Amino acid sequence: MTHLIWLQRDLRLADHAPLFRALQRQHKLVIAYIHDPKRILGEANAAWLAHSLTDLQQSIAKKGGDLLMLEGDFAQCFEKLVQDYQIGQVSYHYEVGEAFQQQQQLALEICKTHQIALTPYDQAWLPSEMVLSQKGGIYSVFTPFYKKLLTLFNQVALPTNAPTELSAAKLAQPSQLPKTLVNISQQPWAQQMLAHWRSEPNQLGIGEKAAQARFHAFLQQASNDYPEARDFPSEPATSKLSTHLQFGEISMRQLLYHLQSAKSNPDFQIHSLDIFIRQLAWREFGRYLLQFHPQIETQAFQTKFAAFPWDNNATWLSAWQRGETGVPIIDAGMRELWQTGWMHNRIRMLVASWLTKNANLSWREGQAWFADTLIDSDPANNAMGWQWVAGCGVDAAPYYRLFNPVVQSEKFDANAEYIKHWLPELKSLPAKYCHAPWLHSASLEQYGFKLGQHYPKPLFDLQQSRANHLQRVQANKSYT
Ligand SMILES: Cc1cc2nc3c(=O)[nH]c(=O)nc-3n(C[C@H](O)[C@H](O)[C@H](O)COP(=O)(O)OP(=O)(O)OC[C@H]3O[C@@H](n4cnc5c(N)ncnc54)[C@H](O)[C@@H]3O)c2cc1C
């Protein structure tokens, strides 16, 4: 019998339960990835995917197997696979998010028609159905969810090793990378963006080995300082594992296993490891929420926000997207995103707050831009992050909590290192003028710097926009 290992966001060989189980049963294997260009999540994402698939194909080939890559309408490709290879069983990792759910539903229908067993595996720490309150309820606040998770950590399965050989997955002909992915990854912007990830210290790059290397480098070099340094965007203090996790190049179980093991090594601080594990748990929480509340990908979790009076302002939206709002910390973040496909978490919160609470534009606009430009864009985390900042999600920031981008900039980028890196036009200015240059226009002239010419004036007055937002929220009691 031929067993299809259908890949989605699990582009690795280690801790791959469907693959591991099928090999244990000594089945003949077809390992396949189907790329349906209609379901593409975002272009930045796709550029990374092209390289991740290439890397996986090479790893599989080294072990004597082949990765089959198909491109086209998902249902047609899946049907063709089943028929061409006389598939008798299908295993895959279950994913949340509308695009994945649709694919999974189609796969289910095709398997039913052909009377093929279809087995989903979970790659979360634990199946969501296990993480319920005492009364069997679904958590909608992070802290109790996390406390419950902590009590269940001993039930998280141990990660399995990568198979040593894969000749059971040898096909007649090696596959080509899907054309649309090749085209995207060859675009100059994509090459420039990915070059950034390759030119980082250690040349960590893309794929399973790179993910492992990045994690171990983080553990050795940065994990002890993570709690204090992780909020400072110019520090190399966070793991930058999000894109590897998004494509499943490393699994959450592998991370948890190594982090828990590191606690018995005196080189590592248990408190710091715990803080990092807690942050990973936010990812689990996002996935959990989207599984139980699939509507939150497109609608506010708090339904009372469905009719919130967001504005339409194409000029402001476009200035935000291009990093030309005139508020340096916001513009630095948006330019980092454009050039690298990634943005620091604190800066994501600030740019999201500026868009939704100062410019009063819908969180859906920001979510869509992030989905297209982030290489780690993930349907669950993106929806959760935007709704949290906009105040309409679970556990959301209260309506009166508006980040003041100037205060945040002074606190988390006091020397303006982050700002100057992404906004080289401000390089010649003393740091104290970089947080709110509009307050110092006269002093800037001694540096040959003219606001409005070398860097934009702010689009609007931040204090006034804050007052406008609060007024708008308070006008309708149900929003407060
Ligand atoms: C508006 C907004 C949108 C976001 N969109 C995404 C997205 O599309 N994809 C995405 O992966 N993350 C998203 N995040 C969460 C967070 O910003 C990133 O996961 C984090 O910046 C990735 O960097 P890192 O890997 O260095 O994080 P680290 O600090 O090293 O954390 C390790 C891992 O924990 C998880 N994690 C950390 N913080 C969060 C968080 N707040 N929420 C959920 N998971 C977290 C991530 O998987 C991350 O890789 C968003 C946050 C906001 C505020």
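In which pocket does the ligand sit? In this predicted model, the ligand occupies the largest pocket, and the elements that contribute two or more residues to the shell around the ligand are helix H10 (242–246), helix H12 (270–292), helix H15 (345–358) and helix H17 (379–390). At the level of domains, the shell takes at least three residues from each of domain 2 (185–292) and domain 3 (303–479).

The ligand is surrounded by 28 residues, of which Tyr226, Thr238, Ser239, Lys240 and Asn345 are the closest. Sorted by class, the residues of this shell comprise 14 that are nonpolar, nine that are polar and five that are charged.

Polar contacts to oxygen atoms of the ligand involve both side-chain and backbone atoms of the protein: a polar side-chain atom of Ser239 is found 2.6 Å from a ligand oxygen atom, while for Lys240 a backbone N or O atom lies at 2.7 Å from an oxygen atom of the ligand. A polar backbone atom of Leu241 is likewise placed 3.0 Å from a ligand oxygen atom. Of the 810 Å² of accessible area that the ligand has on its own, 95% is covered by the protein.

Conventions:
Residues are numbered from 1 along each chain as its sequence is written. This is a predicted model: local features need pLDDT of at least 70, side-chain atom pairs count only at pLDDT 80 or more; totals for chains, interfaces and linings use all residues. Side-chain values use heavy atoms; hydrogens and water are left out. A residue is near a molecule or strand if one of its heavy atoms lies within 4 Å of it. A polar contact is a pair of N or O atoms within 3.5 Å; within protein, one must be able to donate a hydrogen and the other to accept it, and residues adjacent in sequence count only if both atoms are side-chain atoms. Accessible areas come from the Shrake-Rupley method with a 1.4 Å probe; for residues, only the protein chains shown count as cover. On a 1 Å grid over the protein atoms alone, a cavity is a set of points where a 1.4 Å probe fits but cannot get out, and a pocket is an open set with protein on both sides within 12 Å along at least five of seven lines; lining residues have an atom within 4 Å of a point. A molecule sits in a cavity or pocket if more than half of its atoms lie within 2 Å of its grid points. Helices (H or I, at least four residues) and strands (E, at least two) are DSSP runs, numbered from the N terminus. Ala, Val, Leu, Ile, Met, Phe, Trp, Tyr, Cys and Pro count as nonpolar, Asp, Glu, Lys and Arg as charged, and the others, Gly among them, as polar. Domain bounds come from an automatic or database domain assignment.
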